[in-house]
Every structure is written in C-alpha cells, then in structure tokens.
Amino acid sequence: KFPESLARFVDGQPLTPSDKIQLKLPQIAENGAVVPISVSSTLDNVESIAILVEKNFVPLVAQFDLSSGCAAFVSARIKMAETSDVIVLVKAGGRHYSARQRVKVTIGGCGG
C-alpha cells in the first residue's frame, strides 16, 4: 500500500530528500492513537504537504493544499498502528521533496 500512496503523490516525478523540511514529532509515542506532528518548510512556493505513515493500513494520513502566499506550516494529530517511519512529502515549485523520521509506538493506535 505504501508504494502506491507514494507513487500517487509524486505522479512519476523524482522525490528529493530535503533538509528544508522540519518535522516535529516524538521519537517515542506512548499512544499511537494521538501522535502530534508539526511540519514546516523553508522551500519556496510550497503547494502541498502530505503526511504518510509507512506501516499504516492506509498510509496517507493527511494532505494539505496550500494557497499561494500561505506559510508552509501544518500541525495535526495522527494515528499510527505500530512503530514506523513517518514520511512528509512537500510539493514546491512543481518539484517533490521529502523528510522522514522513525517513531516508536508503545501502545497501538489504530488497532487497539
């Protein structure tokens, strides 16, 4: 499921890891049902931000389309079924960028 979700977002374009995407989320989540995440970016012309959890049954947990001139910042609480990488995809200036962080889940969120 994860490869298909990723492919849908990038639409065949290359995906470039970027240090201009900042993730704020815990390394250890005590409860996978409510994992706080904040994403910001210093990339120019950010069009959208997507948050994926690699091992979730449905990997795409959030997608935000940003209007021109908006600050590239989003915040949410996501569900994680188990310990997994959280991948953030940013579309900016027609190109696709990514950042990832592993989060260890100690109590299951999606399944109990």
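**View 1. Asn-45, an exposed residue in a loop of this predicted model.** With a relative accessibility of 60%, Asn-45 counts as exposed, and its place in the chain is the loop between strand 4 (35-41) and strand 5 (46-53). Although Asn-45 is not a glycine, its phi is positive, at about 55 degrees. The reader who locates the beginning of strand 5 at residue 46 will therefore find Asn-45 in the loop that leads to this strand, exposed rather than buried, because its relative accessibility of 60% lies over the 50% that the word exposed requires.

**View 2. Asp-11, an exposed residue that follows helix 1.** Helix 1 (2-10) is followed by Asp-11, which lies in the loop between this helix and strand 1 (15-17). The phi of Asp-11 is positive, about 50 degrees, although the residue is not a glycine. Asp-11 is exposed, and its relative accessible area is 65%.

**View 3. Helix 1, with its buried residues on one face.** The buried residues of helix 1 are Phe-2, Ser-5, Phe-9 and Val-10. When the helix is seen down its axis, these buried residues fall within an arc of 120 degrees, so they line one face of helix 1. On the other side of the helix, Pro-3 and Arg-8 are exposed. What do the buried residues of helix 1 pack against? They pack against strand 1, strand 5, strand 6 (60-65), strand 8 (84-92) and strand 9 (95-105).

**View 4. Ser-18, a buried residue in the loop between strand 1 and strand 2.** Although Ser-18 lies in a loop, which connects strand 1 with strand 2 (21-24), the residue is buried, with a relative accessible area of 15%. The side chain of Ser-18 reaches the backbone nitrogen of Lys-20 at 3.0 Å. When its neighbours within four places in sequence are left aside, the residues in contact with Ser-18 are Leu-43, Tyr-97, Ser-98 and Ala-99.

**View 5. Strand 5, largely enclosed by the rest of the structure.** Seven of the eight residues of strand 5 are buried, so the strand is largely enclosed by the rest of the structure. Strand 5 runs antiparallel to strand 8, to which seven bridges join it, and in this pairing Leu-52 has Ile-87 of strand 8 as its bridge partner. Strand 5 also runs antiparallel to strand 6, and here five bridges join the two strands. In strand 6, Asp-65 is the bridge partner of Ser-48. The connection between strand 5 and strand 6 is a hairpin, which passes through six residues. Both strand 5 and its partners strand 6 and strand 8 are also among the elements against which the buried residues of helix 1 pack.

**View 6. Ile-78, a buried residue of strand 7.** Ile-78 belongs to strand 7, which comprises residues 73-78, and is buried, with a relative accessible area of 3%. How many residues along the chain lie between the positions of Ile-78 and Ile-51, and what separates their C-alpha atoms? The two residues are 27 residues apart along the chain, and their C-alpha atoms are separated by 8.9 Å. Leaving aside neighbours within four places in sequence, Ile-78 is in contact with Gly-32, Ala-33, Val-34, Val-35 and Ile-37, and further with Ile-51, Val-53, Val-61 and Val-86.

**View 7. The whole protein chain, as a setting for the close-up views, with one helix and nine strands.** Read along the sequence, the chain follows the pattern α-β-β-β-β-β-β-β-β-β. The C-alpha atoms fill a box of roughly 40 × 25 × 20 Å, taken along the principal axes. A compact globule of 112 residues would have a radius of gyration near 13 Å, and the 14 Å of this chain agrees with that value. Buried residues make up 41% of the 112 residues. Among contacts between residues at least 6 apart in sequence, 65% join residues at least 24 apart. The chain exposes about 6,400 Å², of which carbon and sulfur atoms supply 50%.

Conventions. Residues numbered from 1 in each chain as written. Predicted model: local features only at pLDDT ≥ 70, side-chain atom pairs only at ≥ 80, totals over all residues. Heavy atoms only, no water. Helix = DSSP H or I, 4+ residues; strand = E, 2+ residues; numbered from the N terminus. Buried < 20%, exposed > 50% of the residue type's maximum accessible area, 1.4 Å probe, protein only. Arc of directions from axis to C-beta. Contact = heavy atoms within 4.5 Å. Polar contact = N/O pair within 3.5 Å; in protein donor to acceptor, adjacent residues only side chain to side chain. Rg over C-alpha atoms; globule rule 2.2 N^0.38 Å. Areas by Shrake-Rupley, 256 points an atom, 1.4 Å probe, with all protein chains shown as cover. Pairing = 2+ DSSP bridges.
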